[in-house]
Structures are given as C-alpha cells and as structure tokens.
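Open the model in a viewer and keep the sequence panel in view. The stops below say what to select and what is found there.

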Amino acid sequence: LGQPLIIKTGVVLSSSAVLFSLPEKVNAETAQFFLEKGIKEWLEGDNYAAISSYTKAIKLKPNFSNAYIARCGSFVNINRSKDAIKDCNKAISLGNFDSSVYRNLCGAHAQLEEYKIAEGFCDKAIKLDDRDEIAYLNRGLSHSNLGDEYAAISDYNKAIVLNPQYVKAYYNRAWSKKEIGDIQGSIADYTKAIDLNPRYYQ
C-alpha cells in the first residue's frame with residue numbers, strides 16, 4: 001500500500017479549518033482584501049499565489065495573525081515546513097491560539113519526521129476542537145510513524161466518523177491495519193479509498 005500519506009493542511013474552513021469573517025466589500029488596498037484573495041486562491045489549489053497574497057496582507061498589517069495562520073497552512077501544503085513553523089509561532093506570539101495553528105504545526109513537524117512533537121501539537125488542536133478530522137488524521141500518522149498502529153487506527157476511526165468520505169483516513173487506516181495483520185480490514189479500507197478516489201489505486 002505504500003507509506004501513510006502526510007496530510008496537508010490549510011486555512012480552516014467548515015468543520016476542518018478556521019472560518020474568517022470577511023466583510024462583503026473590502027478595499028483593494030487593505031490587508032483583509034489580500035487575506036480574502038489568498039483564501040480564494042488556496043481554495044482553487046494555488047498555494048503559491050495564496051502565499052503571495054498573504055504576504056501582501058502581512059506587509060500591510062504586520063501583526064495580522066490570521067494571515068500568518070493562513071500562510072502557515074499553505075507553506076505546509078508545499079512542504080516548506082520550517083517556514084510554516086515560523087509563521088504559526090508568529091501567530092501564537094500575537095495571541096492567536098486557534099486550533100488550526102496547532103494542527104498546522106502538527107502537519108509541519110510530521111513533514112520533518114518529528115513525530116513526537118507533531119503528536120503533541122495535534123493533541124492541543126484536538127483539545128481546542130474535538131471535531132477537527134484533519135488533526136485526528138495527522139495525529140494518527142504520527143502514532144503510526146512512532147510504531148503505535150492501534151492508536152493510529154483509533155484516530156483514523158474518529159476522522160472517518162467526522163467525515164465518512166475522508167479518503168486519506170481510509171487509506172492510512174488500511175496501512176495501519178496491514179501492519180497489525182488485519183489483512184481483510186486493510187483490503188476493505190484500501191478498496192473504499194479507491195472507490196472514493198481512483199488515484200489511490202497503485
């Protein structure tokens with residue numbers, strides 16, 4: 001099945017990211033405008049453009065903690081883990097302790113293979129928001145890489161309860177089930193992942 005995926009994170013939207021309250025009309029020269037523009041670009045899958053917009057927001061408003069959080073998430077998505085950690089830590093230093101800060105830090109440290117540190121940050125994210133399926137998924141990945149497949153499966157289970165269409169959770173759970181010898185369970189999860197997204201067929 002291959003190694004479990006490192007799950008990429010971004011700005012929290014709906015149940016799995018931070019919702020920003022954006023005004024209906026914003027001036028093109030405001031930091032809020034560039035934050036909104038960056039979120040739109042991120043939703044379209046263009047993390048590089050989003051980072052550029054978030055950077056403009058920060059230049060206009062250096063203490064704009066939400067822009068640091070958003071840029072942190074996009075940095076995680078393009079594997080610029082150290083830059084992500086710097087931005088999330090900046091948001092914390094500005095007094096923003098949203099669960100997405102810790103979830104993004106979890107993802108960044110997992111990318112650096114610092115799984116114990118990642119696990120701790122996901123613990124904080126889940127304590128703040130116990131319905132964050134991405135945090136459960138990332139903590140499951142950390143458990144798996146630390147050799148605790150049963151704890152990993154427990155977290156993947158929680159992620160799937162929160163989002164029954166969460167293909168990455170099925171895929172990662174398939175890996176962990178294989179590791180503990182549950183071959184039939186692994187096949188079932190792997191099949192489900194393929195049904196949800198055929199690109200998982202290898």
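A charge is taken to sit over a ring if NZ of Lys or CZ of Arg is within 6 Å of the ring centre and within 35 degrees of the ring normal. With that in mind, select Lys61 and Phe64: the charged end of Lys61 lies over the Phe64 ring, 4.5 Å from the ring centre. Then go to Lys178 and Trp175, where the charged end of Lys178 is placed over the ring of Trp175 at 4.4 Å from its centre.

**Confidence**

This is a predicted model, so colour the chain by pLDDT next. The average over the chain is 88, and 85% of the residues score at least 70. Now select residues 1-24, where pLDDT stays under 50. The model has 82 contacts beyond four places in sequence for this stretch. Where pLDDT is low, the predicted coordinates should not be read in detail.

**Trp42**

Select Trp42, which belongs to helix 1 (residues 31-43). Is Trp42 buried or exposed? Its relative accessible area is 17%, and because buried means under 20%, Trp42 counts as buried. Add Arg71 to the selection: 29 residues separate the two along the chain, and their C-alpha atoms are 9.8 Å apart.

**An aromatic pair**

The structure holds three aromatic pairs. One of them is formed by Tyr102 and Phe121, which are stacked, with 6.4 Å from centre to centre and 20° between the planes. This pair links distant parts of the chain, 19 residues apart: Tyr102 is in helix 5 (residues 99-111) and Phe121 is in helix 6 (residues 115-128). Show the surface here, and both Tyr102 and Phe121 turn out to be buried.

**Helix 8**

Move on to helix 8 (residues 149-162) and mark its end C-alpha atoms. At 1.5 Å a residue, the 14 residues of helix 8 should span 20 Å, and the ends are 20 Å apart, so the two agree.

Which residues of helix 8 are buried? Select Glu149, Ala152, Ile153, Asp155, Tyr156, Ala159 and Ile160. Look down the axis of helix 8: the buried residues fall within an arc of 165°, and therefore line one face of the helix. An α-helix has 3.6 residues a turn, so residues three or four places apart point the same way.

Turn the view to the face of helix 8 directed away from the buried side, which carries the exposed residues Tyr150 and Val161. Last, display helix 7 (133-145) and helix 9 (167-179), which are among what covers the buried residues of helix 8.

Note on methods. Residues are numbered from 1 along each chain as its sequence is written. This is a predicted model: local features need pLDDT of at least 70, side-chain atom pairs count only at pLDDT 80 or more; totals for chains, interfaces and linings use all residues. Side-chain values use heavy atoms; hydrogens and water are left out. Helices (H or I, at least four residues) and strands (E, at least two) are DSSP runs, numbered from the N terminus. Buried means under 20% relative accessible area, exposed over 50%, partly exposed in between (1.4 Å probe, protein chains only). Rings of Phe, Tyr and Trp (its six-membered ring) pair if their centres lie within 6.5 Å; planes under 30 degrees apart count as stacked, over 60 as edge-to-face and the rest as tilted. The expected span of a helix is 1.5 Å times one less than its number of residues. The arc is that of the directions from the helix axis to the C-beta atoms. Contact means heavy atoms within 4.5 Å. pLDDT is the predictor's confidence in each residue, from 0 to 100.
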